[in-house]
Amino acid sequence: MSQADGNAPATSVPPRDGDPEITAEVVADHGLSESEYEKVLAIMGRTPTFTELGVFSAMWSEHCGYKNSKRLLSTLPTKAPWVIQGPGENAGVIDVGDGYALAFKIESHNHPSAVEPYQGAATGVGGILRDIFTMGARPVAVLDSLRFGDLDSGRVRYLFSGVVSGVGDYGNCIGVPNIGGEVAFDRGYEGNPIVNAMCLGLMKHDELITASASGTGSPIMAVGARTGRDGIHGATFASEELSEDSDESSRPQVQVGDPFTEKLLLEASLELISSGAISGIQDMGAAGITSSASEMAGRGGSGIEMEMTDVPIREVGMTPYEILLSESQERMLVVAHVGQEAEVHRILEKWELEAAVIGRVTDDGMFRVMENGKVVADIPALPLTDGCPTYEREGVESAEIKALREMDLSEHLIPGGDLSKSFLLLIGSPNVASKQWIYHQYDTTVRTATAVRPGGDSGVIRIRGTNRAVAATTDCNGRFVYLEPRTGAMAAVAEAARNLVCVGATPTAITNNLNFGNPLKAHIYYQLREAVQGMSEACSAFETPVTGGNVSLFNETDGQAIYPTPVIGMVGVIDDVSKIMRQPFQKAGDDIVLLGVNTGEIGGSEYLYVTADLVAGVPPSVDLDGERMLQRAVLKMIDQEVLNSAHDCSEGGLASALAECALGNGEEPFGLEASLDEDLRPVVSLFGESHGRIIASCDPAKTDEVLRIAGIHAVPAKRLGTVCEAESGFSLNVRDGVVSCSMTDIARAYFDAIPNIMNTSSDSGA
Amino acid sequence: MKVAVVTFPGSNCDYDLYKAVQQVGGDPTFVWHRERGLSEYDAVLLPGGFSYGDYLRAGAIARMSPIMEDVVPFANAGGPVLGICNGFQILCEAGLLPGALVRNDILRFASHDVILRVERTDTLFASDYTAGQTLRIPIAHGEGNYEADRATLEVLETQGRIIFRYVDAQGEPSDDANPNGSWHNIAGITNEGGNVLGMMPHPERAMEELLGSTDGIGLFTSMMSGLPAAT
């Protein structure tokens, strides 16, 4: 606790002309509960002004204050020798070797995207980019993790195409390559799409800067775009459920992005940081000036005093309340060193941007706001940021979901149907099918560093001037988490790690995005608690600490919650770029080897969703020790250069994963001849989604060595068959069944699925 | 050889172009769009990106930048000028190349590798290629659909000013191989003097095996060998 605690707010601040009176209704409209409001009264020692109430409302929203998740999040592992900056800053930072550090973070823009998909998604990318470059790192890659309802709905197609354009246009314009991500379609996301964006930035260790305000008298400057009325109370909006009315009435709370200004801001910010003229910089993101200023004061143990009439605004007649809570995009709050204002102005002018001194750092620990010299808000900074009430709630599993998990699935597993037909149906399902339609709208090669583009298991960015690269992936199967939250969250971490290992990267750390429903409901809080627990166990087992992330709760429409979706954004390091491994088969005649074993669960699988319209059953179990040994074994094989390809098994099971290896990007497909003698029903063998499995290919002369390395690590491994020319087709035998198709049919089903859906109809938001 | 890489507000391939020039032994310098004077340079490159956010029209605002008052006479005096992607759009807007680049016919941004056929090699920008050679080069643009009136297209064809065309795996300029609807599958053209080249694909992104292709190197080495050596 700082010395500032002793300071008290001004005992009397006269109400501003025109501001509403503070009534119980006004307090409730600001999303504060009675007990929370009592806490405000205790901190203030008097009734807050309307402006002060707005500030508390934003800072104590779930989005800024994490009030329903903070206690759970505190149980996550956050430390490792390579972690330079853990949770609490704009982004996490890890050491990646050769003097380089990697800043990375994931963030959600679910609510805005549900209302205005293009701008909602675009500003989501804009926000996460700013979180990275305010650490002093240059953004080098973006990933996007998206979820929508089923594509047979016109509105879903409208949301999907709008979000993809928004993600693409923003990143394309800035010139940051998109290197991967994921997308899922399931009716569980019908009303509430999930739009999470992750960004990676590279810097030298000594370029790191943090967002804290220190040095009494230091000028505080608003930099970049002007402040308007857009996005006022966005943070509070993001912390409520959506309803049918949200579309129209919430539009004003969605911000509008200007990537061109952001590009200038990026260059100007990096130049400001390297100039040494500033001591702190923070994005004015959620809750705008309010959160950036109070958080910087809170971290610096200092106070802040700002004059609202000095803030450059783009609309006349804005009140202090509106200026403080605006979420206009492409703005930064900068703390300059005393006397360096002119240098800040010089740099900003070069980039054709504005900067204005709007206040100064004080030593009294107060967050004080003036209008024409008159105090309109006077709040102790530390209680505002750290005093947000936190809750541990009751969590109880939903009986309905439990029943789904325990459902008897045997009637859906009877062979009898044509397995080849089921297979084509499955790989033509948008969840399994090629996502080229999406990432062909994203610039993936700008900055000339993308060694593995989207479509692989992980994206890879080489670090110029070194022999190293960083890899990144985002993963989560919401169905698994829905059916069994703890296992599902573990599975998300395990899959992310496998995806990294498949390109040859050692998993290093994660950022997470917890997308859940309303935590005030016991069954949702149960999902949140269990998922965090599962994530914690898996992160500990893999030594991939959590360095930050984002919480998005209240993802419900008309009372219907999304699947609990704790998205894992994991990063890894590759020491030698010449050993980067890829997913497609490389050569006819190579052996195909399966590492790991099918544990026989088919619950929550894409097969059940596609063929029986079911999300039910026990999701595949996760063996953390087994996963860890599998990771080690595969990394060893890649290091010893005995593999020609590697690919994780996930949605659509073994058969789909094999097809993906054979197809590659479609330009030079292979065929295959393989068989697998497992004591399982054919559909479970072919389409079950057991974790802990990787398909590798290798020169037949290396197969013994591959099996030997697997053996040393106690990883089950067996040769499945041979890579053939495409003309030979795809032939996969299992006990009591076979999938036999031409590669042309497979390619058509796989590559044409999403384009056929998206190119045939025009859709609107109506 | 001294090469100016002009940076406009919103350029984002300037760094990639700088590195490509360096890789083939050139001596690149970033020139900010508000600077003036290009007389000390042997060649001028206009990089890709979104100058001025592509607001109004791609390249429409950048072509009014102060530096363009020097680029135009530099080009008219026979100085080599290469515009890639947004640079191509700016060259068309500035009237240094004929025609215009309009929205892709698929109405979406298009980002993937394409195959280009080298249509002629007796030019400053393609002398290190062989005629008919096919190149794998990435594209990344929303407005790369090359359009011109019939007479202009006729002139471009008869004067042999189409240097690169989009082709399929068999080397044919088919509709399927055309990523954006460009007339005559045009990917890159020169001015009448042959000293100004505009192209939508990004050869500067095809300089290393690690990143997927080395087919762009030839363009930069061609330029280098056609220009005065470093002093």
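Buried residues make up 63% of the 766 residues in chain A. Keep in mind that this is a predicted model. Grab the structure and work through the exercises below.

**Exercise 1. Sizing up chain A**

Task: Work out how compact chain A is for its 766 residues, starting from its radius of gyration.

Solution:
- Step 1. Count the elements: chain A holds 27 helices and 28 strands.
- Step 2. Put the radius of gyration, 26 Å, beside the 27 Å from the globule rule for 766 residues; the two are close, so chain A is as compact as a globular protein of that length.
- Step 3. Look at the extents: along the principal axes, the C-alpha trace of chain A spans about 80 × 55 × 45 Å.
- Step 4. Check who touches whom. Take the contacts in chain A between residues at least 6 apart in sequence, and you'll find that 85% of them join residues at least 24 apart.

**Exercise 2. The six-stranded sheet**

Task: Find the strand order of the six-stranded open sheet in chain A, and say which strands stand at its edges.

Solution:
- Step 1. Trace across the sheet and you get β1-β2-β3-β6-β4-β5 of chain A, with mixed pairing.
- Step 2. Now look for strands with a single partner. These are β1 (83–85) and β5 of chain A, so each has one side left without a neighbour in the sheet.
- Step 3. From one strand to the next, the twist averages 25 degrees.
- Step 4. Pick out an antiparallel pair: β2 (residues 92–97) and β3 (residues 100–108) of chain A run that way over five bridges. Within this pair, D95(A) sits opposite A101(A) in β3(A).
- Step 5. See what lies on the sheet. Helix α8 (residues 154–174) of chain A packs there and touches β4, β5 and β6 (194–204) of chain A, and its direction makes about 180 degrees with that of β4(A).
- Step 6. Then pick out a parallel pair: β4 (residues 138–148) of chain A and β5(A) pair in that sense over seven bridges. S145(A) has E182(A) in β5(A) as its bridge partner.
- Step 7. Being at the edge doesn't leave β5 bare: eight of the eight residues of β5 (residues 178–185) of chain A are buried.

**Exercise 3. The seven-stranded sheet**

Task: Do the same for the open sheet of seven strands in chain A.

Solution:
- Step 1. The order reads β23-β25-β22-β26-β24-β27-β28 in chain A, and again the pairing is mixed.
- Step 2. The edge strands are β23 (645–648) and β28 (737–741) of chain A; each has a single partner strand, so one side of each is left without a neighbour in the sheet.
- Step 3. Ignoring direction, neighbouring strands here are turned by 20 degrees against each other on average.
- Step 4. Zoom in on β22 (residues 591–595) and β25 (residues 694–698) of chain A, which pair in the antiparallel sense over five bridges. I592(A) stands opposite S697(A) in β25(A).

**Exercise 4. Two helices, two kinds of burial**

Task: Which residues of helix α26 (residues 703–712) of chain A are buried, and how many residues of helix α3 (residues 50–59) of chain A are?

Solution:
- Step 1. In α26(A), V706(A), I709(A) and A710(A) are buried.
- Step 2. Look down the axis of α26(A): its buried residues fall within an arc of 100 degrees, so they line one face of the helix.
- Step 3. Flip to the other side of α26(A), where R708(A), G711(A) and I712(A) are exposed.
- Step 4. Ask what the buried residues of α26(A) pack against: β22, α23 (624–639), β25 and β26 (717–725) of chain A.
- Step 5. Just past the end of α26(A), A714(A) takes a positive phi of about 60 degrees.
- Step 6. Now α3 of chain A: 10 of its 10 residues are buried, so it is largely enclosed by the rest of the structure. Among them are F50(A), E52(A) and M59(A).

**Exercise 5. A loop glycine**

Task: Is G276(A) buried or exposed?

Solution:
- Step 1. Locate G276(A) in the loop between α11 (259–275) and β8 (278–283) of chain A.
- Step 2. Count its surroundings: G276(A) has 10 other C-beta atoms within 10 Å. The cut-off for exposed is 12 or fewer, so G276(A) is exposed.
- Step 3. Compare sequence with space: G276(A) and E343(A) are 67 residues apart along the chain and 9.6 Å apart in space, C-alpha to C-alpha.

**Exercise 6. Where the chains meet**

Task: How many residues does the contact take from chain B and from chain A?

Solution:
- Step 1. The contact takes 23 residues from chain B and 23 residues from chain A.
- Step 2. On the side of chain B that touches chain A, the elements giving two or more residues are α1 (14–23), β6 (110–118) and β7 (134–141) of chain B.
- Step 3. Sort that side of chain B by class: 12 nonpolar, six polar and five charged residues.

Terms used. Residues are numbered from 1 along each chain as its sequence is written. Chains are lettered from A and ligands numbered from 1 in the order in which they are written. This is a predicted model: local features need pLDDT of at least 70, side-chain atom pairs count only at pLDDT 80 or more; totals for chains, interfaces and linings use all residues. Two strands pair if DSSP finds at least two bridges between them. Helices (H or I, at least four residues) and strands (E, at least two) are DSSP runs, numbered from the N terminus. Axes are lines fitted to C-alpha atoms, for helices over the stretch in contact, and angles run from 0 to 180 degrees between N-to-C directions. Two residues are in contact if their C-beta atoms, placed from the backbone, lie within 7 Å. Ala, Val, Leu, Ile, Met, Phe, Trp, Tyr, Cys and Pro count as nonpolar, Asp, Glu, Lys and Arg as charged, and the others, Gly among them, as polar. The radius of gyration is taken over C-alpha atoms; the globule rule is 2.2 Å times the number of residues to the power 0.38. A residue is buried if 20 or more other C-beta atoms lie within 10 Å of its own, exposed if 12 or fewer, and partly exposed in between; C-beta atoms are placed from the backbone. The arc is that of the directions from the helix axis to the C-beta atoms.
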